[in-house]
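Me: I'd like to go through this model with you, one topic at a time. Could you start with whatever you think is worth looking at?

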Amino acid sequence: MIERLKEWWTLDPAEQVDDADNPHAPLRDDQRRDTFPLLTLAFGWGFLITGLIVGGALGNGLPIGDAIAASFLGNSVNFVIGALVGYIGYKTALNSGLLYRKVYGSTGSIGPVSFISLLTIGWQGIIVGAFGFAWAQSFESGTFYAVAIFGGLLFTATTYKGVKGLEIISIPATIVLIIVGLYAAWLNVSLAGGWGDFLAMSEANATKEPLTLVQATNLVIGSWIVGAIVMPEYTRFAKKAWVAIAIPFVVLMVAQWFLQIVGAMGGVVSGTPDFTTYMLAQGAFIGMVGVIAMSLALWTTGDANLYLPAIQTSSIFGLPKGVTTVICGVIGTILGLGIYQEFIFWIDLLASIVPPIVGPLLVDYYLTDRKRYDADAAEQRAERKWNPVAFIAYAAGAASTFVAPEWSAKALVGLVAAIVVYWLLRQLQRVTGREMA
C-alpha cells in the first residue's frame, strides 16, 4: 500500500510526455484538441454561477440598460486580456505555470503561480458551495453540507481524468444550459407583466443598492479576471489561432454576458439572481429542471476551475497531475462550506490584485523577448531562477489600484501600471547591459 502511494505521488517524466494534459512541457501537435469540444468546454466553463450573482448585483444597482452596458464593458476588458494571454498559450503550447517560469524565473514563479492557484481553488470553493445551495436552498441545513461535499468529491473525481473528461461533460451540458437560460429570461419578463412593466420595475429596483457604471464594470472585471489570465490552460490545446481567440470570447462575451443579464433580470423580478429559486416556485417539474440544469453548469465549471490549479501546481512543484488534482479538490471542497457567502468581497479584491500579474508576461512576449518563448523543453529548464524586475512591476501595479481615482477601472490601472513599470525597467537593463536576475 505504501509503495503504491509513493508511486502515485512520484512524477514519472516519461509517463507525462504522453499524457494528453502534460503540465511539464509544451504540448505536441498530436495532443491538441478538436475545435467543437474545446468551444463547448469554454461555454460550460463560462456558464458559472458567479455570472448570475454579479448580474443580480447589477440589477439591484442599475437600470437594466446600464446593467447590460456595464456587463459588456467589463467582459470586454476581460476578453481582451484573456485573448492576449490565450494567444501566447496557443503559440507556445505552454500552460500558465510554465509561462510564469519564463517571466518570474524557475524559483520566482512559485510565488505568483501559488497565489493564482489559491485564488482558483477559492473559485472552486464558491462552486462547491453553490452546488450545495442549489439543492438545499439554504446554507444552514445538513442537506447543504452533504450535497456540497458530494459535489466537491464529484468534481475532483471527474477532473482526475483531465481535459478529455471535461469535454465529455461539457457537450450535453451546453445544450441544457442554453435552453434553461432562455426560459429563465422569458419567465422573468412574463412574471413582470411584459417588457414595459419589466423596464419600470428595473428603474425602481436600481435604487436598492445603487452602483456607478465604473463600480459595476469593476465588479464584472473582478468576477472573471482570474479566468482571463489563466486562459493558456485551455488555449494551448487549440489547433488554430482563431480557436484560441474564440475560447475567451465564448467564455466572456457569450456565456458570462448572457448569464449576467439573466441574473440581473432575476434580481429585478424574482428577488434573486439564482434561477433555481424562482423556477422551484413554478412547480416541482420546472423546479427540478432548473436544479438539474444548475447542477450541470456547476459540474462543468467545477471541473474546469479545478483543472486550472491542478495543472499550475503540477508544473511548478513537479508532482503528477493526479496528485495535485486530489489536493486542490479536497481544499476547494472544504472552502466550499463557507466561502460562497463572501463572494462579492472576494471578487472586488481580485479586481485589484490579480491583473498586474500578467503585465510582465505581456511585455516579454509581445514587446521584448518573444524569441525566448519558442524554446524547447531542454532550454526551458535552463531558465534564470529569479527575475526581480517582474516582482517590482507586479508590486507597483497592485499598489496603484489602491490609489486609483474613483472614476477609473482599478483592474486596468493596475495592469497598465505593471506593464509600464516592467517595460521601463527592461529598457534600463538594456541600456546598462545588466540583467537584474
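Reply: This is a predicted model, and a good place to begin is helix α13, which is largely enclosed by the rest of the structure, because 21 of its 29 residues are buried.

Me: Where does α13 run, and what is its span from first C-alpha to last?

Reply: Helix α13 covers residues 241-269, and its first and last C-alpha atoms are 41 Å apart, which is close to the 42 Å expected at 1.5 Å a residue.

Me: And where is the kink in α13 centred?

Reply: The kink is centred on phenylalanine 249 and amounts to about 35 degrees. Just after the helix, glycine 271 adopts a positive phi of about 80 degrees.

Me: OK, switching to empty space. How many cavities of 30 Å³ or more turn up?

Reply: Searching the whole structure gives two cavities of 30 Å³ or more. The largest holds about 70 Å³ of space, while the second largest has a volume of about 40 Å³.

Me: Which helices supply the lining of the largest one?

Reply: At least two lining residues come from each of α7 (110-136), α11 (213-229) and α15 (284-317), and α11 has the largest share, with four residues. The lining includes Trp45, Thr120, Trp123, Ser223, Trp224, Asn305 and Leu308.

Me: What's that lining like by class?

Reply: In the largest cavity, seven of the lining residues are nonpolar and four are polar, with no charged residues.

Me: And which residues line the second largest cavity?

Reply: The second largest cavity is lined by Leu38, Leu41, Ala42, Trp45, Tyr234 and Ile247, with helix α3 (residues 35-46) giving the most, four residues. By class, its lining has six nonpolar residues, no polar ones and no charged ones. Trp45 appears here and also in the lining of the largest cavity.

Me: Different topic: serine 109. Where is it found, and is it buried or exposed?

Reply: Serine 109 is found in the loop between α6 (96-104) and α7, and it is buried, with a relative accessible area of 0%.

Me: What lies 3.3 Å from a polar atom of its side chain?

Reply: That is the backbone oxygen of serine 106, 3.3 Å from a polar atom of the serine 109 side chain.

Me: How about threonine 324, which helix is that in?

Reply: Threonine 324 sits in helix α16 (residues 321-335). Its relative accessibility is 3%, so threonine 324 counts as buried, and a polar atom of its side chain lies 3.0 Å from the backbone oxygen of lysine 321.

Me: And tyrosine 278, why does that count as buried?

Reply: Tyrosine 278 belongs to helix α14 (residues 275-280) and counts as buried because its relative accessibility is 4%, where the cut-off for buried is under 20%.

Me: How far apart are tyrosine 278 and leucine 187?

Reply: In sequence, tyrosine 278 and leucine 187 are 91 residues apart, whereas in space their C-alpha atoms are 9.2 Å apart.

Me: Last one, α21. What is its span, and which of its residues are buried?

Reply: Helix α21 (residues 410-432) has 23 residues and reaches 33 Å from its first C-alpha to its last, close to the 33 Å expected at 1.5 Å a residue. The buried residues of α21 include Ala411, Gly414, Leu415, Tyr422, Leu425, Arg426 and Gln429.

Terms used: Residues numbered from 1 in each chain as written. Heavy atoms only, no water. 1 Å grid on protein atoms, 1.4 Å probe; cavity = no way out; pocket = protein on both sides within 12 Å on 5 of 7 lines; lining within 4 Å. Points joined across faces, edges and corners; volume = space filled by probe spheres on them. Nonpolar A, V, L, I, M, F, W, Y, C, P; charged D, E, K, R; others polar. Expected span 1.5 Å × (residues − 1). Bend = angle between axes of the 7 residues up to and from the residue. Buried < 20%, exposed > 50% of the residue type's maximum accessible area, 1.4 Å probe, protein only. Polar contact = N/O pair within 3.5 Å; in protein donor to acceptor, adjacent residues only side chain to side chain.
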